[in-house]
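Student: Could you take me closely through the salt bridges in this structure, and explain each term as you use it?

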Amino acid sequence: MNKAFSIPPASKRLLTPPEVLAERLSALVGGPFLLSGKTRTDGSNIRKLVARTLENYPLPPAAPDDSYTIVPPRRKGVPRILRDYVDTCIVTSGHSYNLQVWNRNPASSSVQVEFVSGERLLAKDVRFVFVRVSPDTEAISSVVILSPEYIESKFGRFGKPTIKHQLLISSRARKSIMDRKPPVLFYPDTPAVTGMVARKFRAPQGSIHESPASGGIMSLEILRERLLGRILRTRMGPAATKKRGQALEMLVAEHLGYKMEESELLAGGYPDIRNQALEVKVQDSPTVDLGIYSPEFEESVSSCPGMTTFGIRYLIALADKETGLVEGLVLCPGMRLGEHFSYVSDTSYKCQRSIPMEFFDGYEGRSLYDP
């Protein structure tokens with residue numbers, strides 16, 4: 001993407017009016033867009049497509065280097081198409097679209113760019129460009145530009161920020177696991193959990209989302225015996241990491257004896273397989289998203305009475321980014337992760353707002369602003 005887009009406009013009043021943006025982006029409607037099935041890739045490609053389209057028209061004049069300051073540290077939360085203060089979103093299928101905005105409350109007056117003149121660009125000034133792509137035809141069916149004010153007035157306020165912790169698995173650490181025979185990093189349960197686990201396998205009777213009961217939790221040795229040969233060398237498919245994670249969760253649950261319905265995965269929560277105090281992750285990039293709980297610090301886990309983040313067990317499948325082939329496994333208590341991997345020192349967060357898909361259905365073949 002053109003580096004010019006990373007520079008803010010010389011003034012807020014010089015931004016392209018949103019109605020004009022909608023007119024310019026109407027050229028995308030009906031055009032082809034090949035979906036890769038990977039959320040980040042498709043999102044990046046949509047952003048580049050929008051940027052290339054806007055390049056066909058005069059951009060707002062750029063702010064001189066010494067005339068502004070990007071306020072958030074390391075530009076976190078600032079729109080990628082900064083010149084026209086635009087964030088892009090790709091909308092495909094499902095009952096609703098979950099708008100996730102990282103590191104800023106979209107409807108707030110939080111300052112993102114501050115000019116020497118005293119003028120400011122705020123979080124609530126960002127324009128969201130939703131590009132609807134039909135998975136059936138792989139063509140763009142509509143473009144809808146929405147302001148944060150419109151989104152909140154029509155669909156409700158943005159949800160409270162969710163803090164996101166991450167674990168960094170370096171290439172060296174990953175290789176050290178791959179070099180093992182078999183390629184598995186394993187540790188037994190912590191002493192605090194040992195007294196709660198069963199020593200022999202017994203098929204579970206309830207749901208994966210039921211709280212674990214003492215004596216009903218399979219030991220990590222049993223999990224290793226049940227899962228090692230069934231998960232290693234499994235191909236998770238060329239999908240987005242989130243979908244790969246859901247597929248792995250389903251696979252693990254079935255191999256542990258649970259009778260699963262796909263809808264159960266949508267319940268979410270921590271840990272993923274609560275009944276076994278087991279968190280399931282796929283690592284196909286350097287970082288692993290840990291969610292709101294991190295075993296870097298010990299804290300009680302309300303969904304697993306009597307347990308802390310140190311005792312929660314982690315199964316991390318080390319998968320090839322392109323093929324989805326599981327090449328190695330990590331199976332250990334949370335407290336052991338930091339001995340081999342690094343925690344990202346700062347946290348990111350996201351604000352969310354669900355938008356019904358029927359809203360976008362009403363604007364097929366059009367490009368418009370705050371309808």
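Tutor: A salt bridge is counted where a side-chain nitrogen of Lys or Arg lies within 4 Å of a carboxyl oxygen of Asp or Glu. This is a predicted model, in which local features need pLDDT of at least 70 and side-chain atom pairs count only at pLDDT 80 or more, while totals for chains, interfaces and linings use all residues. Residues are numbered from 1 along each chain as its sequence is written, and side-chain values use heavy atoms, with hydrogens and water left out.

With that rule, a search of the whole structure finds 13 salt bridges. One of them joins Asp179 to Lys175, with 2.8 Å between the closest N and O atoms. To describe the surroundings of such residues we use relative accessible area, calling a residue buried under 20%, exposed over 50% and partly exposed in between (1.4 Å probe, protein chains only). Asp179, with a relative accessible area of 48%, is partly exposed.

Another salt bridge is formed by the side chains of Glu339 and Arg336, at 3.2 Å from N to O. Here Glu339 is partly exposed, its relative accessible area being 47%, and Arg336 also counts as partly exposed, at 29%.

The pair to look at with particular care is Glu364 and Arg132, whose side chains meet in a salt bridge of 3.7 Å, N to O. Glu364 lies in the loop between α9 (357-361) and β18, whereas Arg132 belongs to strand β6, so this pair ties together parts that are 232 residues apart in sequence. The names of these elements come from DSSP runs, numbered from the N terminus, where helices (H or I) have at least four residues and strands (E) at least two. The two partners also sit in unlike surroundings, since Glu364 is partly exposed, with a relative accessible area of 42%, and Arg132 is buried, with a relative accessible area of 12%. The pair does not stand alone, for Arg132, Asp361 and Glu364 are linked in a network of salt bridges.

Strands β6 and β18 also appear around helix α1 (residues 18-25), whose buried residues are Pro18, Leu21, Ala22, Arg24 and Leu25. Seen down the axis of α1, these buried residues fall within an arc of 165 degrees, so they line one face of the helix; the arc is that of the directions from the helix axis to the C-beta atoms. Among the elements that cover the buried residues of α1 are α2 (39-54), β6 (127-134) and β18 (367-369), where contact means heavy atoms within 4.5 Å.
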